[in-house]
Amino acid sequence: MLELQDLYSKFSNISFKNRLKPSCNALSTPPSPFLGKINTSNLAPLSADTVSFTGKGQLQKIASSTAESLSAKASEAANEIFDNASKGMNHRAYGVYRELIPIAGEVNRQAKKLQNSFEITMCIFDSLVDEGSKSCKKYKPLVKKTIRAKSPQSIAKKMSVKVAELQKKNNGYNVPVSEAFIKSELHDLLGARLILANGTRAETNSVVNRLIESIESGHGPKVKFIKNYGAGHKYLTASKSDALELASYKAYGHYPEVISKKKTSGYTATHIIIDVGNGVDAEIQILGRGVEKVKEIDDICYKGLQGKALSGMPDVSKALKAVSRDPELKREFDKYITSAYELARTEWDKMPDEELVKQKFPKIDTDIFPSCLDFNNIAALLEEKSLKKHK
């Protein structure tokens with residue numbers, strides 16, 4: 001069966017062939033002193049050209065010409081992709097989703113072109129990560145660092161909801177969408193997650209200090225936003241946020257926008273948005289391992305509350321849709337999620353992985369909600385799906 005990425009590539013190649021300038025101009029700046037000798041000759045920023053995609057007609061032409069060239073099996077796979085997507089969206093958002101697939105694939109391609117450069121930038125944190133070596137007993141503030149590029153499907157789905165909302169506000173008038181528009185709306189086309197060893201503010205300060213040092217050296221990234229989420233247990237201190245702002249201003253003449261607020265779900269983390277070139281932003285997430293455990297389930301619930309179908313979780317999907325329609329139920333469910341984050345932030349963040357896996361989420365009030373929405377039951381479903389996948 002045709003792979004999803006192959007389909008996106010097929011659409012993108014047809015829609016954008018010969019319309020983007022080839023990349024040129026290898027990186028001219030020397031590598032950061034934190035990284036040692038790194039060969040950057042194969043890295044190059046893309047041109048700033050963007051291509052607008054605004055109407056259904058163009059997509060239909062692309063789909064038609066593509067369908068003719070695909071085999072019957074491939075066409076069947078394409079229809080299956082669209083059918084599966086439709087189950088997780090309302091009609092308006094799904095229509096926009098179909099239109100956005102080609103351009104989402106192109107934005108993903110541009111972001112992945114910059115992924116190597118982003119990974120090199122993230123190397124400044126490598127010496128802070130505990131790799132689990134028994135020979136090295138020196139304390140380190142991080143236990144894990146992961147990097148990913150946002151998939152074309154994820155880009156299209158997230159943007160389809162935004163565009164559908166704009167169209168609704170504008171009495172159904174079509175909203176022009178271009179690569180530049182998508183890149184201005186999504187600040188996590190590339191992402192890195194840094195997991196703290198014990199979730200302390202001192203550990204967060206160590207990470208931010210390393211970022212400040214790289215900026216002051218002349219080789220650090222341009223910081224665009226500092227997002228400090230949480231209530232009384234925020235990871236980033238105000239003084240360290242000020243220091244990062246000042247370093248960014250001295251280096252680039254620009255003060256990052258600081259967003260400090262409490263999420264209704266109780267989510268606690270520090271997100272730092274940086275500019276990686278060609279209009280592409282990358283998000284650095286700093287959080288503890290306990291909060292990461294809750295976030296995995298919270299992300300699933302968020303999708304369900306947005307009306308998206310959850311694969312292999314029909315009861316959870318149905319229950320979350322019901323919650324989303326009732327403001328009082330939504331407030332109560334937010335309180336439940338907040339209790340999980342509170343437990344994670346105050347207790348779980350300090351635990352090593354072997355202890356963390358034994359911990360149970362708070363139990364949900366079954367007098368108000370069906371038991372399928374209990375985080376422990378959702379976690380069990382995820383584990384079951386994972387075991388089936390790896391068999």
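**View 1. Helices α11 and α12 cross at roughly 115° in this predicted model.** Helix α11 comprises residues 314–325 and helix α12 residues 327–346, and their axes come within 5 Å. The crossing angle makes α11 roughly perpendicular to α12. On the α11 side, the residues that meet the partner helix are L320, A322, V323 and R325. They face P327, L329, K330 and F333 in α12.

**View 2. Helices α10 and α14 cross at roughly 90°.** The axes of α10 (residues 289–305) and α14 (residues 375–389) come within 10 Å. The two helices are therefore roughly perpendicular to each other. Helix α10 contributes V294, E296, I297, I300 and C301 to the contact, and helix α14 contributes F375, I378, A379 and L382. One of these residues, C301, is buried, with a relative accessible area of 0%.

**View 3. Cysteines C301 and C123 belong to a structure with zero disulfides.** A disulfide is a covalent bond between the sulfur atoms of two cysteines. For C301, the closest cysteine sulfur is that of C372, at 9.7 Å. Because a disulfide requires sulfur atoms within 2.5 Å, this separation is too far for a bond. The surroundings of C123 are described by a relative accessibility of 27%, so C123 counts as partly exposed, whereas C301 is buried.

**View 4. Six strands form an open sheet with mixed pairing.** Strands of a sheet pair through backbone hydrogen bonds, either parallel or antiparallel. Across the sheet the order is β2-β4-β8-β7-β5-β6. Strands β2 (142–149) and β6 (257–261) form the edges, each pairing on one side only. From one strand to the next, the twist averages 15°.

**View 5. Strand β4 runs parallel to strand β8.** Seven bridges connect β4, residues 190–196, with β8, residues 280–288. Within this pairing, L196 has G288 of β8 as its bridge partner.

**View 6. Strand β5 pairs with both β7 and β6.** The pairing of β5 with β7 is antiparallel and extends over seven bridges; here Y229 stands opposite A269 of β7. With β6, strand β5 runs parallel, and five bridges join the two. In that pairing, the bridge partner of K227 is I259 of β6. Six of the eight residues of β5 are buried, so this strand is largely enclosed by the rest of the structure.

**View 7. Helices α5 and α8 lie against the strands of the sheet.** Helix α5, residues 115–122, lies across β2, β4, β7 (269–277) and β8. Its direction is at about 165° to β2. Helix α8, residues 201–216, packs on the sheet and touches β2, β4, β5 (222–229), β7 and β8. The direction of α8 makes about 135° with that of β4.

**View 8. The overall setting of the close-ups is a protein with 14 helices and eight strands.** Of its 391 residues, 44% count as buried. Among contacts with a separation of 6 or more, 75% are between residues 24 or more positions apart. The protein exposes about 20100 Å², of which carbon and sulfur atoms supply 50%.

Terms used: Residues are numbered from 1 along each chain as its sequence is written. This is a predicted model: local features need pLDDT of at least 70, side-chain atom pairs count only at pLDDT 80 or more; totals for chains, interfaces and linings use all residues. Side-chain values use heavy atoms; hydrogens and water are left out. Two strands pair if DSSP finds at least two bridges between them. Helices (H or I, at least four residues) and strands (E, at least two) are DSSP runs, numbered from the N terminus. Axes are lines fitted to C-alpha atoms, for helices over the stretch in contact, and angles run from 0 to 180 degrees between N-to-C directions. Contact means heavy atoms within 4.5 Å. Buried means under 20% relative accessible area, exposed over 50%, partly exposed in between (1.4 Å probe, protein chains only). Accessible areas come from the Shrake-Rupley method with a 1.4 Å probe; for residues, only the protein chains shown count as cover. Angles under 35 degrees count as roughly parallel, over 145 as roughly antiparallel, 65 to 115 as roughly perpendicular and the rest as oblique.
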